[in-house]
Amino acid sequence: MISRELGEYGPQIGTSDDNFFQSDRDLLKQQERNKKKQEFGQQGSPIDCGAKVLHFLIQNDHIFVGLSNFMCLKMDLTGNIIAQFKGHKGPVTFVHLDKDLYTCSWDKTVKRWNPETGDLIKTYVGHSDFVKSLVLANGRLYTSSVDKSIGIWDLESAKLIKTLQGHRRSVESVQFDGEYLYSGSSDNTIKQWHIKEEREVQVFSGHDTSIYKILLDREQECIWSVSADKTCRRLDLTTSKFDLKFVHPDYVKSVILLPNGHIATGCRDENIRIWDPTTEKCLKVIRGHFGEIEHLTIHGAVLWSGSLDGTLRSWNLLDPQLGEAPVEEEVVEESLMTEEEERELAELMGL
């Protein structure tokens, strides 16, 4: 219970077990979350995953979800657990399903699993820091890492063949279009790489700070990127220019293209927003999560979201009552910590 106004005596740090390392602002935020949980907690038919959701995918009516408790779960669409993939020694940051299942982790490795039995097939060791994402291309594995590099791996031998160097900070996200690899980094840039020649082709600058995720739209020949600069931007690959910007009240963590051409974004303010690129307007805000939204995906006419609140939620895009009209929102103040300090604190707090 806070008995004075925030800031009256400057930031205060709680010392109870529940409030350790929390300032008054943190405690107020937690109170707001508890209120939101009571009001919106059951919206989106939440599936409790038992730990923070960092990434997930849906294929053939099965969900594969990477969690902060070092595990990946395979579930059906109602949340029944079918298989557990155990072996990582850090949070699972990314999951990818091809013939086999691939998982990236804070433990600096990628693991390859049998998606039916849960058996471990191979472990790819070679990065010197967290592995954040991956793609399979031309029979090879490409991984992005906080060690500033993109790793190129032989799939069968699990050997690191080469690393692509060029980013000045963490490589957060990679995408492949059949010829070029694209990488988004916390150095604020997106880079284009020629896969066969294994070289950097072009650098795209437009964001003001860290890029969290990039999403390639092959049909429209563009890349959508989300960032700690509180924007989602569109990069037109035919002109090499950023031509569209959606401004949010806080960091933008995830983005997905909807079947009707609209864009959905997930924000650190715990809300999902639907945008119309033709009008450059926010159409609606979807509330329900009470933790920042790490990933979005589409399954049929349903938008799925995963959050640090430990839940997956599903939203019927055909429901005319979905979401609410946007209102003018206050932009959240910037953190005074660097990205490295925020990462160290997150590690300390057990993410």
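1. With which residue does Arg 273 form a salt bridge? In this predicted model, the partner is Asp 269, and the closest N and O atoms of the two residues lie 2.6 Å apart. Arg 273 counts as buried, at 1% relative accessibility. Asp 269 is likewise classed as buried, with a relative accessible area of 14%.

2. The salt bridge at Arg 273 belongs to a broader set: a search of the whole structure finds 17 salt bridges. As general background, side chains of opposite charge can pair when their charged atoms come close.

3. A further salt bridge is formed by Lys 253 and Glu 294, with a separation of 2.9 Å between the closest N and O atoms. This pair links distant parts of the chain, for Lys 253 lies in strand β22 (residues 252–257) and Glu 294 in strand β26 (residues 293–299), 41 residues apart. Lys 253 has a relative accessible area of 12% and is therefore buried, the cut-off being under 20%. Glu 294, at 14% relative accessibility, also counts as buried.

4. Loops also contribute partners. Arg 287 forms a salt bridge with Glu 324, the closest N and O atoms being separated by 2.7 Å. Arg 287 is in the loop between β25 (281–286) and β26, whereas Glu 324 is in the loop between β28 (311–316) and α2 (339–348); the pair, 37 residues apart, links distant parts of the chain. Glu 324 counts as partly exposed, at 33% relative accessibility.

5. One network deserves separate mention. Asp 100, Arg 112 and Glu 156 are joined in it by salt bridges that share partners.

Notes. Residues are numbered from 1 along each chain as its sequence is written. This is a predicted model: local features need pLDDT of at least 70, side-chain atom pairs count only at pLDDT 80 or more; totals for chains, interfaces and linings use all residues. Side-chain values use heavy atoms; hydrogens and water are left out. A salt bridge is a side-chain nitrogen of Lys or Arg within 4 Å of a carboxyl oxygen of Asp or Glu. Helices (H or I, at least four residues) and strands (E, at least two) are DSSP runs, numbered from the N terminus. Buried means under 20% relative accessible area, exposed over 50%, partly exposed in between (1.4 Å probe, protein chains only).
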